[in-house]
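Thanks for coming. Please have a look at the sequence and the model on the screen, and then I will go through a few places in it.

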Amino acid sequence: MLILALHVFRDHVSTAQIDYIALALGAFASWAGVPGPGEPLLIAAAIVAARHKLDITPVLLWAWVGATAGGMFGWWVGRVAGRGVMTAPGPLRHLRLRAVERGEEVFERLTIIAILLAPSWVAGIHRAGTVVYLITNALSALAWSVGIGLGAYYLGPPVIDVIDDVGTATGIALGVLVLVGIAFEVRRRRRRRLEPRS
């Protein structure tokens, strides 16, 4: 059955539509709570659109649709099952109950900010209001898809051109140099914090 579905899908759906569907699924997964796939797929799709192999409007639209639907699904899962998992008997129950209690306080005082900063399932666990959550989720998904999508569309190709001109080895060396600089700064701040104050 799966092979038949893939055969039909492959023969009746263009490659561009498959790319848009994959982008929507990646955005859905990310916003539902699976770390990782949405943002890299959006960046890649926007860069491919900048190279005129995809259209940027459907890239942004499908990223937004996937992210919005994923946020709604994650919120629903958190609302239906999350609180039961967090309050169930078992290891670290005291800490989990305390986390739920503290989360309730935050969601009560700063609902929209908490929705923006927490994963969708956390908003469900803390029973963020339906209307407030759905509007905030849709608007933040729109800001995410348009901001990252257009940023990658306009800034991605020049960065790739520089890497092509400079070479992959030099690009990796520059990346390592930046990471070393960050490591030294973190170490310096840690030492400063540990020094006795006079």
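Is Arg 189 buried or exposed? Before I answer, keep in mind that this is a predicted model. Arg 189 is exposed, because its relative accessible area is 54%, and the cut-off for exposed is over 50%.

Arg 189 has a partner. Glu 185 makes a salt bridge with Arg 189, and the closest N and O atoms are 2.9 Å apart. The two residues sit four places apart in helix α9, so about one helical turn separates them. Glu 185 also makes a salt bridge with Arg 188, this time with the closest N and O atoms at 2.5 Å. Here the spacing in helix α9, which covers residues 168-194, is three residues, so again the separation is about one helical turn. Because these salt bridges share partners, Glu 185, Arg 188 and Arg 189 are joined into one network.

How exposed are the other two members of that network? Glu 185 is partly exposed, with a relative accessible area of 29%. Arg 188 is also in the partly exposed class, at 37%.

How many salt bridges does the structure hold? There are three. The one I have not yet described is between the side chains of Arg 83 and Glu 104, with N to O at 2.1 Å. This pair links distant parts of the chain: Arg 83 belongs to helix α4, residues 56-87, and Glu 104 to helix α5, residues 93-109, with their positions 21 residues apart. Glu 104 is partly exposed, at 24% relative accessible area.

Next, two buried residues. Thr 136 is in helix α8. Its relative accessible area is 9%, so Thr 136 is buried, the cut-off for that being under 20%. What does the side chain of Thr 136 reach? It reaches the backbone oxygen of Val 132, at 2.8 Å. Leaving aside residues up to four places away in sequence, Thr 136 touches Ile 112, Ile 115 and Leu 116.

The other one is Ile 47, in helix α3, residues 38-50. Ile 47 has a relative accessible area of 15%, so this residue too counts as buried. Ile 47 and Leu 150 are 103 residues apart along the chain, yet their C-alpha atoms are separated by 9.2 Å.

Last, the largest pocket. Its volume is about 200 Å³. Which residues are closest to its centre? Of the 13 that line it, they are Trp 31, Ile 115, Ala 118, Pro 119 and Ser 120. You have already met Ile 115, as one of the residues that Thr 136 touches. Three helices each supply at least two residues of the lining: α2 (15-32), α6 (111-117) and α8 (130-166). As for the classes, the lining has seven nonpolar residues, six polar ones and no charged ones.

To go back to the start: Arg 189 is exposed, and Glu 185, Arg 188 and Arg 189 form one network of salt bridges. If you want to follow this on the screen, begin with helix α9, where Glu 185 and Arg 189 are about one helical turn apart. Then go to Thr 136 and its contacts with Ile 112, Ile 115 and Leu 116. That is all from me.

Methods: Residues numbered from 1 in each chain as written. Predicted model: local features only at pLDDT ≥ 70, side-chain atom pairs only at ≥ 80, totals over all residues. Heavy atoms only, no water. 1 Å grid on protein atoms, 1.4 Å probe; cavity = no way out; pocket = protein on both sides within 12 Å on 5 of 7 lines; lining within 4 Å. Points joined across faces, edges and corners; volume = space filled by probe spheres on them. Nonpolar A, V, L, I, M, F, W, Y, C, P; charged D, E, K, R; others polar. Salt bridge = Lys/Arg side-chain N within 4 Å of Asp/Glu carboxyl O. Buried < 20%, exposed > 50% of the residue type's maximum accessible area, 1.4 Å probe, protein only. Polar contact = N/O pair within 3.5 Å; in protein donor to acceptor, adjacent residues only side chain to side chain. Contact = heavy atoms within 4.5 Å.
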